[in-house]
Amino acid sequence: MTDGWNWRPSSVPGGHEQPPSGSPWWSDATNDPWRDPHAPAAVVLPAPASTGGPALDPVPDPDAPRRSYAPVLLICLLTALLAGGVGGTLGFVFAVRGGYVTGGGTQLGASGQQAPAVAARDPESLAGVAKKVQPSVVTVHVTGAIGSGFVVSADGYVITNDHVVDGAGTTMSVSFSDGTTAAAKLVGRAPESDIAVIKVAKPNLPAVEFGDSDAIAVGDPVLAFGSPLALENTVTYGIVSALDRTIEAGESGGTTRYYAAVQTDAAVNQGNSGGPLVNAAGQVIGVNSVIRSVGGADTEAGNIGLAFAIPINQAKRIAQDIIDTGKARRTVIGAEVTTGGSGATGAKLRSVEPAGPAAAAGLKAGDVLTKLDGRPLQDGTDLIALVRKHAPGAVVAVEYRRGTKTASASVTLAADTN
């Protein structure tokens, strides 16, 4: 009987082989001092070697030292960080070279040339012209209304429309494009030509440059300056769309205004009145005055691309008269006119002043003027407007019809003595 751990045939007489000296095991169970004498005994033999079954997985020794995976994990982590850093750096470099990165985040819009600086814009460009003229444009503030004007002398004279200052009294104020304001007073008015002059209490003002309204042509580019609908420092762009467009304007019961206007499609609205119409060189060629609108009332009127300006040659002459004498001269032909009758076109002379310019040129009552300086006349309004475009003393050529005959004459225009 053994415990089966170290069994082999006995070579000791009597069949009992003692374990080696110092062994903790007993091979003779009957002599085992810890054996329970009442416990059943059994012979335990080693399991025979397998001859064909599947091999069993070895059972790990729980007391054997374990292998650490920390170095492997650390190496993997460092490799991943290194690969990510290299990839990100290369991606950024390629993005910068390709123009997709400009300083962080997503770039909106295609890459291209940078916009030119304001100071670098060509003085002859539209922006350059606006920058040049804007400091000379003012917003005119009167009681309950707003209009526009422009400085014509360094000592503070300003041209505006007569209808802007109508009913404003003798004092008002103006504001400039830089936000400063100044008091102003009325110098004089020319109601029938819709021109007025005011004086601003501020020295060393930038004056506009005058152009020649007789030298402009249909299709010339223009800029309109002013404060439409109280929107100060507004600039709009268009062209000269017609010349010598005769205007008869005025409120019911008030003064009727006549002039041969510069027509433009630049956007002009209420509040633009009195502001300058400027050519591509930044020179004033007109004074914005009225618009044609489809609205039934003044409060409904708005831009439809038909605006009219008083030619600057006429406005400048009238303003100079007001500054010099306090009163503007009115150019006349020395006759009263009606519209042509019986379907005929032309300005029919209803009466002729005996000592006036028309009489001196041989014209008589009943003559129908058909042209003035080559410009066809449709009715009396055309004649009045075109005559007032000229300065007193100017000589104009007229064509007229007397009965069934046609003739021509030269008329030296004069200033109204009233």
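These legends accompany close-up views of a predicted model.

**View 1. Overall fold of the protein.** The protein has six helices and 21 strands. Of its 418 residues, 33% are buried. Among contacts with a separation of 6 or more, 57% are between residues 24 or more positions apart. A search of the whole structure for aromatic pairs finds zero.

**View 2. Salt bridge between Glu192 and Arg388.** The structure holds 12 salt bridges. In this one, the closest N and O atoms of Glu192 and Arg388 are 3.1 Å apart. The pair links distant parts of the chain, 196 residues apart. Glu192 sits in the loop between β5 (181–190) and β6 (195–200). Arg388 belongs to helix α6 (residues 380–389). Are the two partners buried or exposed? Glu192 is partly exposed, because its relative accessibility is 26%. Arg388 has a relative accessible area of 11%, so Arg388 counts as buried.

**View 3. Salt bridge between Asp244 and Lys389.** The side chains meet at 2.6 Å, N to O. Asp244 lies in strand β9 (residues 234–249) and Lys389 in helix α6, so the salt bridge ties together parts that are 145 residues apart in sequence. Lys389 is partly exposed, with a relative accessible area of 21%. That value does not fall under 20%, the cut-off for buried, so Lys389 is classed as partly exposed.

**View 4. Salt bridge between Arg329 and Asp321.** Here the N to O distance is 3.2 Å. Arg329 is partly exposed at 42% relative accessible area. Asp321 is buried, at 11% relative accessibility. Elsewhere, salt bridges that share partners form one network. Its members are Asp162, Asp166, Arg189, Asp194 and Arg257.

**View 5. Helix α4 from end to end.** Helix α4 covers residues 312–325. Why does its length fit a regular rise of 1.5 Å a residue? The 14 residues should span 20 Å, and the end C-alpha atoms are 19 Å apart, so the two values agree. The expected span is 1.5 Å times one less than the number of residues. The buried residues of α4 include Ile312, Ala315, Ile318 and Ile322. Gln314, Arg317, Ala319 and Asp321 are also among them. Asp321 is also the salt-bridge partner of Arg329. Gly326 follows α4 and has a positive phi, near 85°.

**View 6. Hairpin of β1 and β2.** Strand β1 (residues 137–142) runs antiparallel to β2, and six bridges join them. Val142 has Ala145 of β2 as its bridge partner. Two residues lie between the strands of this hairpin. Gly144 takes a positive phi there, near 75°. How many residues of strand β2 (residues 145–151) are buried? Five of the seven are, so β2 is largely enclosed by the rest of the structure.

**View 7. Hairpin of β2 and β3.** Strand β3 (residues 157–160) pairs with β2 in the antiparallel sense, over two bridges. Val151 stands opposite Val158 in β3. Five residues lie between the two strands of this hairpin. In the turn, Gly156 has a positive phi of about 105°.

**View 8. Positive phi at Asn204 and Asn233.** Most residues other than glycine have a negative phi. Asn204 is not a glycine, yet its phi is positive, about 55°. Asn204 is placed in the loop between β6 and β7 (209–210). Asn204 is exposed, with a relative accessible area of 71%. Asn233 has a positive phi too, near 60°. Its place is in the loop between β8 (221–226) and β9. Asn233 is partly exposed, at 35% relative accessible area.

**View 9. Lysines over aromatic rings.** Lys199 lies over the face of Tyr157, at 4.7 Å from the ring centre. Which residue lies over the face of Phe176? Lys202 does, at 4.5 Å from the ring centre.

Methods: Residues are numbered from 1 along each chain as its sequence is written. This is a predicted model: local features need pLDDT of at least 70, side-chain atom pairs count only at pLDDT 80 or more; totals for chains, interfaces and linings use all residues. Side-chain values use heavy atoms; hydrogens and water are left out. A salt bridge is a side-chain nitrogen of Lys or Arg within 4 Å of a carboxyl oxygen of Asp or Glu. Helices (H or I, at least four residues) and strands (E, at least two) are DSSP runs, numbered from the N terminus. Buried means under 20% relative accessible area, exposed over 50%, partly exposed in between (1.4 Å probe, protein chains only). Rings of Phe, Tyr and Trp (its six-membered ring) pair if their centres lie within 6.5 Å; planes under 30 degrees apart count as stacked, over 60 as edge-to-face and the rest as tilted. A charge sits over a ring if NZ of Lys or CZ of Arg is within 6 Å of the ring centre and within 35 degrees of the ring normal. Two strands pair if DSSP finds at least two bridges between them. Contact means heavy atoms within 4.5 Å.
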